[in-house]
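Good morning, and thank you for making time for this item. I would ask you to keep the structure on the screen in view while I speak.

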Amino acid sequence: MAYSGPFQAGDRVQLTDAKRRHFTIVLKEGESFFTHKGGIAHDDIIGRHEGTVVESSQGALYLCFRHLMVDHVLSMPRGAAVIYPKDSAQILIEGDIFPGARVLEAGAGSGALSMTLLRAIGESGELISYEIRQDHLDYAEANVDEFFGGRPATWSPRLGDLKEVTVDDIGGPVDRIILDMLEPWECLDAVRGLLLPGGVFMTYVATVPQLMKVMEGIRAQGCFTEPRAWESLVREWKVEGLATRPEHRMNAHTAFLVWARRLADGTVAPRPQRRARK
Ligand SMILES: C[S@@+](CC[C@H](N)C(=O)[O-])C[C@H]1O[C@@H](n2cnc3c(N)ncnc32)[C@H](O)[C@@H]1O
């Protein structure tokens, strides 16, 4: 699948009409897309540059761009709730996902985070994604394959419970582990055994009780740095002259992010010092 250059057959293209409604099509030579304002021949788009306008047979205008990963994530079919782009962006940077990294993820859910991780690890990395439910794994596989136009060679989606995974199952410990599941504290023994010293562990939990339980669980393992927890709030702005102001609506809460690093075996981290109160 091409990510830039003139449109080619096989590209997933988003058409936007004057009312800012989106329609997604996959370009095929000789085919047409029909709207209530007439047909658009795919051949009128193939070969043209992105950011171009096509006209339907009844004169309606549509702006054409390739589908971005965020468009795909927010519109793809899903079995489980996806990690939203504002949070996967945090995971990429705070989780220090680098080209060539070996990353373990669970659960794969609908495959939204898998896509983001696969892009970031590049062609020399490896992503192993465990999912306990076959129906969710089917969604993840279909969504990832559709986005990349085939199965990425760097991806190993697996049906299974992360709690039962051993180092031998994954061919050695990994650099990074990311969990997005209801009860991540149940997988902390596994995470301890599967993550390299210095490796980054992140988990994503929606509620305060989950947050408290996983933070306590990480501390109780005794092999991680003091965990950090935060959430990210993204508020869009309407910028139009004197009407410039924040948008009224936002996704105020998605989930909390939790982060810790694996210590070397046998290490006791110095206790964080707090200033004595006067
Ligand atoms: C919220 S979804 C993950 C969504 C995914 N991160 C995405 O962005 O599309 C949580 C998934 O974790 C799976 N799960 C729960 N416990 C698990 C475990 N112990 N091992 C593997 N998968 C698990 C669930 O079946 C569910 O599909």
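**Strand 7, helix 3 and the ligand shell**

I begin with strand 7, which is joined to strand 8 by five bridges, the two strands running parallel. Please bear in mind throughout that this is a predicted model. Within this pair, Leu104 stands opposite Ile128 of strand 8. Strand 7 covers residues 102-106, and five of its five residues are buried. What lies on each face of strand 7? On one side are Arg102, Leu104 and Ala106, on the other Val103 and Glu105, and all of these are buried.

Moving along the chain from strand 7, we come to a loop that leads to helix 3, and Gly111 has its place in that loop. Is Gly111 buried or exposed? Gly111 counts as buried because 33 other C-beta atoms lie within 10 Å, where the cut-off for a buried residue is 20 or more. Setting aside neighbours within four places in sequence, the contacts of Gly111 are Tyr139, Ala140, Asn143 and Val144.

Helix 3 itself comes next. Nine of the ten residues of helix 3 are buried, and the helix is therefore described as mostly covered, given the cut-off of 20 or more C-beta atoms within 10 Å. The buried residues are Ala112, Leu113, Ser114, Met115, Thr116, Leu117, Leu118, Ala120 and Ile121. After helix 3 comes Gly122, which has a positive phi, near 70°.

Let me now turn to the ligand. Which residues come nearest to the ligand? Of the 23 residues around the ligand, those are Ala80, Gly107, Gly109, Ala112 and Met181. Helix 3 and strand 8, the latter spanning 126-131, are the elements that give two or more residues to this shell. By character, the shell divides into 13 nonpolar residues, five polar and five charged.

The UniProt record is useful to set beside this. In an unreviewed entry, UniProt places the feature "binding site" at Ser110, Gly111, Ala112, Leu113, Glu131, His136, Asp161 and Asp180. I have already described Gly111, in the loop before helix 3. Another of the listed positions, Glu131, is found in strand 8. Why does Glu131 count as buried? The reason is that Glu131 has 29 other C-beta atoms within 10 Å. Not counting residues up to four places away in sequence, Glu131 touches Gly107, Ala108, Gly109, His136, Leu137, Ala140, Pro157 and Leu159. Among these partners, His136 is also a position in the UniProt "binding site" feature.

**The hairpin and Leu27**

I move now to an earlier part of the chain. Strand 3, residues 32-35, and strand 4, residues 38-41, run antiparallel and are joined by four bridges. The two strands form a hairpin, with two residues between them. Which residues pair across this hairpin? Ser32 has Ala41 as its bridge partner in strand 4, and Thr35 has Gly38.

Ahead of strand 3 there is a loop that connects it to strand 2, which spans 22-26, and Leu27 is found in that loop. Leu27 counts as buried because it has 20 C-beta neighbours inside 10 Å. Leaving aside neighbours within four places in sequence, Leu27 is in contact with Phe7, Ala9, Gly10, Asp11, Val13, His42, Ile45 and Ile46. For one of these partners, Ile46, the separation from Leu27 is 19 residues in sequence and 7.2 Å in space, C-alpha to C-alpha.

**The chain as a whole**

I close with the overall picture. The chain has six helices and 15 strands. How many residues does the chain hold, and what share of them is buried? There are 278 residues, of which 34% are buried. The C-alpha atoms fill a box of roughly 70 × 50 × 30 Å along the principal axes. The domain assignment gives domain 1 at 12-67 and domain 2 at 71-261, and the C-alpha centres of the two domains lie 34 Å apart. Finally, of the contacts in the chain with a separation of 6 or more, 61% are between residues 24 or more positions apart.

How values were computed:
Residues numbered from 1 in each chain as written. Predicted model: local features only at pLDDT ≥ 70, side-chain atom pairs only at ≥ 80, totals over all residues. Near = placed C-beta within 6 Å. Nonpolar A, V, L, I, M, F, W, Y, C, P; charged D, E, K, R; others polar. Pairing = 2+ DSSP bridges. Buried ≥ 20, exposed ≤ 12 C-beta atoms within 10 Å, placed from the backbone. UniProt positions renumbered as here; feature names shortened; annotations may be inferred. Contact = placed C-beta atoms within 7 Å. Domains from an automatic or database assignment.
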